[in-house]
Amino acid sequence: MSSVLRPPASGHDSRTAAHYRPISSHLAIAPPVSVVIPAMNEAENLPYVFKTLPDWIHEVVLVDGNSTDDTVEVARGLWPKVRVVPQRGKGKGDALITGFEACTGDIIVMVDADGSADGGEIVSYVSALVSGADFAKGSRFANGGGTDDMTFVRRLGNRVLCAVVNRKFGARYTDLCYGYNAFWRHCLDKIELDCTGFEVETLMNIRVVKAGLKVQEIPSHEYLRIHGASNLRAVRDGLRVLKVILQERSNRRELRRQERHSPMLDAYPGEVS
């Protein structure tokens, strides 16, 4: 049975209807959706973030990076059933990995805690996944997307790094360094995340392509951070992203070299397509 369907008409067995979460008057879904929000000292921004989250999501997992303000208390007041998970290490990558491990939903959505993302767009990500995609990647530069929070240097760096990834890994991305994404939880078994910083987004984008997963870009609008200052540093983090790209390219070459010299392939040359 398809995961996307119209809600049951009145008179149907209510026990069947309870298995589906209504998104609108015309659409319902069966897979539970987990939203992961890494946050450190974002108490002022969380009201704006939670206000846009749809009420049909299964759970919100807030990863607290040892906040010194009221981030946790504010989150619990806004979403009483929020799951608060303390971050073990440091960095956005570490926070996301911690949050992913805590999720119980079949679909995982990544949302920043600074108010730059519109939770109302989650329906577009989920729709892409239940329609057949493995990974729904947000893009500020796809038709219909946009950004209010990108300097010329960051825009240029993102464009160059995106072009490198597309050329080296056969991707067709229009945006690379953007953290609003969604995917089926089983994809984590195929991409194995192992970095701690902002470069985690690039690593995910590369490894889903290397794993042969079906990616669909979702037009997304990035708004200005509402309160506070970002920890992102264009040059420092741009270099970390480039390092990830080079490492993944090197790993890919090594894998191909091993495949060419595999004894199994040498023993059965007729079975290699």
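Two strands count as paired if DSSP finds at least two bridges between them, and strands (E, at least two residues) and helices (H or I, at least four) are DSSP runs numbered from the N terminus. With these terms, an open sheet of 7 strands emerges in the order E6-E5-E4-E7-E10-E8-E11, with mixed pairing. Its edge strands are E6 and E11 (215-219), each of which pairs on one side only. Neighbouring strands of the sheet are turned by 20° against each other on average, direction ignored; axes here are lines fitted to C-alpha atoms, for helices over the stretch in contact, and angles between N-to-C directions run from 0 to 180 degrees.

The model is predicted, so local features need pLDDT of at least 70 and side-chain atom pairs count only at pLDDT 80 or more, while totals for chains, interfaces and linings use all residues. Residues are numbered from 1 along each chain as its sequence is written, and side-chain values use heavy atoms, with hydrogens and water left out.

The chain contains 10 helices and 12 strands. Of its 273 residues, 45% are buried, where buried means under 20% relative accessible area, exposed over 50% and partly exposed in between (1.4 Å probe, protein chains only). Among contacts (heavy atoms within 4.5 Å) between residues at least 6 apart in sequence, 72% join residues at least 24 apart.

Within the sheet, strand E4 (residues 33-39) and strand E7 (residues 107-110) pair in the parallel sense over 4 bridges. One position can be picked out on screen: Val 35 has Val 109 in E7 as its bridge partner. Two helices can then be placed against these strands. H4 packs on the sheet and touches E4, E5, E6, E7 and E10, its direction making about 145° with that of E5. H3 lies across E4, strand E5 (59-64) and E6, and runs at about 175° to E5.

Another pairing involves strand E2 (residues 21-24) and strand E3 (residues 27-29), which run antiparallel and are joined by 3 bridges. E2 and E3 form a hairpin with 2 residues between them, and in this hairpin Arg 21 stands opposite Ile 29 in E3.

Helix H4 deserves a second look for its burial. Of its 11 residues, 10 are buried, so H4 is largely enclosed by the rest of the structure. The buried set is Lys 92, Gly 93, Asp 94, Ala 95, Leu 96, Ile 97, Thr 98, Gly 99, Phe 100 and Ala 102. In helix H5 (residues 122-130), the buried residues are Ile 122, Tyr 125, Val 126, Ala 128, Leu 129 and Val 130. Gly 132 follows H5 and has a positive phi, near 135°.

Aromatic contacts come next. The structure holds 4 aromatic pairs, defined for rings of Phe, Tyr and Trp (its six-membered ring) with centres within 6.5 Å; planes under 30 degrees apart count as stacked, over 60 as edge-to-face and the rest as tilted. Phe 50 and Trp 79 form a tilted pair, 6.1 Å centre to centre with 55° between the planes. Phe 50 lies in helix H2 (residues 46-51) and Trp 79 in the loop between helix H3 (71-78) and strand E6 (83-86), so this pair ties together parts that are 29 residues apart in sequence. Both Phe 50 and Trp 79 are buried.

Phe 100 and Phe 183 make an edge-to-face pair, at 5.3 Å centre to centre and 85° between the planes. This pair links distant parts of the chain, with Phe 100 in helix H4 (residues 92-102) and Phe 183 in strand E10 (residues 181-184), 83 residues apart. Phe 100 and Phe 183 are both buried. Ring pairs also bring in Phe 135, giving a cluster of Phe 100, Phe 135 and Phe 183. Elsewhere, Lys 137 lies over the face of Tyr 173, at 5.3 Å from the ring centre; the criterion is NZ of Lys or CZ of Arg within 6 Å of the ring centre and within 35 degrees of the ring normal.

A final site is Glu 201, in helix H8 (residues 200-210). Glu 201 is buried, with a relative accessible area of 5%. Leaving aside neighbours within four places in sequence, Glu 201 is in contact with Lys 92, Met 110, Cys 177, Tyr 178 and Gly 179. The C-alpha atoms of Glu 201 and Asn 181, which are 20 residues apart along the chain, are separated by 8.8 Å.
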